[in-house]
Amino acid sequence: PRELARAAEAVRRPLLETGADGLAEARERVGQIVGRETARMDEQEVIRATVETVAENTLDALVAPVVYGLLFGMPGALVYRAINTMDSMLGYKNERYQHFGWAAARLDDLANWLPARLTGCLLLVAGAFRRLDIKNGLLTWKRDASAHPSPNSGIPEAVVAGLLGVRLGGINWYHGRPVERAYLGKGHRPIETEDIVRAQRLLLDLTLFCGFVSAVYGLVRMWTGS
């Protein structure tokens, strides 16, 4: 989570500069954390890609490993990360990986089913503490998450879109081809640079919660001798 927050901040800082150089650097930075092409991105698309990545990886890089670590110990967390990494490497819907990566993608979908829903609930709780629009977050989850290509990643992305009152999704470019993603959120206002900070704060809240739960679990195990 710390490295994810740092990577998002590395995208945000150049956007605060005026002129084309700042946007060019931001495109380069966001290209290091997303799989889509970044050369065509304008400022709002760079911000959108960053917020989407932080939201999605709140599930993949934080909540899910903790869930499997608590259930099955360190081997559980490592096996989950292996499954998730395999999906990231092979689970592409293109001519090369369409069939080869199918099993990895389906296994990742199965492994993330429970953690994704838990992540959605935790984001709503964090949104309440941050005084964000939790009603809109829940509504966006119920209305839009299922339109995402992933049955799991759509949940944290939709919840974050609703909490922030912005619209995520749209056209992404992969290997020179546009891929249209369903919109998540109504977009009550234009997305802005500060939304990267808001997404980082939600990530921090869930990191602290997962750390607290893990520490309590470890202390209980130690005290009970189990």
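This passage walks through the aromatic rings, two charge-over-ring arrangements, the surroundings of Glu43 and helix α7 in a predicted model.

Aromatic rings come first. A pair of such rings is described by how far apart the centres lie and by the angle between the planes. The count here is two aromatic pairs. One of them joins Tyr68 and Phe72, whose rings are stacked, with 6.3 Å from centre to centre and 20° between the planes. Both residues belong to helix α3, which runs over residues 43-90, and because they are four residues apart there, about one helical turn separates them. Their exposure is worth a look too: Tyr68 counts as buried, since its relative accessibility is 19% and the cut-off for buried is under 20%. Phe72, at 54% relative accessibility, counts as exposed. Tyr68 also pairs with Tyr80, again in a stacked arrangement, this time with 5.5 Å between the centres and 10° between the planes. Tyr80 is buried, as is Tyr68. Put together, Tyr68, Phe72 and Tyr80 make up one aromatic cluster.

Charged side chains turn up over rings as well. Arg40 lies over the face of Trp173, 3.8 Å from the ring centre. Over at Trp141, the ring has the charged end of Lys142 sitting above it, at 5.1 Å from the centre.

Back in helix α3, there is Glu43 to consider. Glu43 has a relative accessible area of 38%, so it falls in the partly exposed class. Leaving aside residues up to four places away in sequence, Glu43 touches Leu15, Leu23 and Thr193. As for Arg27, it sits 16 residues from Glu43 in sequence, and the C-alpha atoms of the two are 8.6 Å apart in space.

That leaves helix α7, made of the 31 residues 194-224. At 1.5 Å a residue, α7 should span 45 Å, and the C-alpha atoms at its ends are indeed 45 Å apart, so the expected span and the model agree. Which residues of α7 are buried? They are Asp195, Ile196, Val197, Ala199, Gln200, Leu202, Leu203, Asp205, Leu206 and Cys210. What the buried residues of α7 pack against is a set of other helices: α1 (2-15), α3, α4 (102-129) and α6 (154-164). Helix α3, then, is home to Glu43 and also one of the packing partners of α7. Just past the end of α7 comes Gly225, which takes a positive phi of about 70°.

Technical notes:
Residues are numbered from 1 along each chain as its sequence is written. This is a predicted model: local features need pLDDT of at least 70, side-chain atom pairs count only at pLDDT 80 or more; totals for chains, interfaces and linings use all residues. Side-chain values use heavy atoms; hydrogens and water are left out. Rings of Phe, Tyr and Trp (its six-membered ring) pair if their centres lie within 6.5 Å; planes under 30 degrees apart count as stacked, over 60 as edge-to-face and the rest as tilted. Helices (H or I, at least four residues) and strands (E, at least two) are DSSP runs, numbered from the N terminus. Buried means under 20% relative accessible area, exposed over 50%, partly exposed in between (1.4 Å probe, protein chains only). A charge sits over a ring if NZ of Lys or CZ of Arg is within 6 Å of the ring centre and within 35 degrees of the ring normal. Contact means heavy atoms within 4.5 Å. The expected span of a helix is 1.5 Å times one less than its number of residues.
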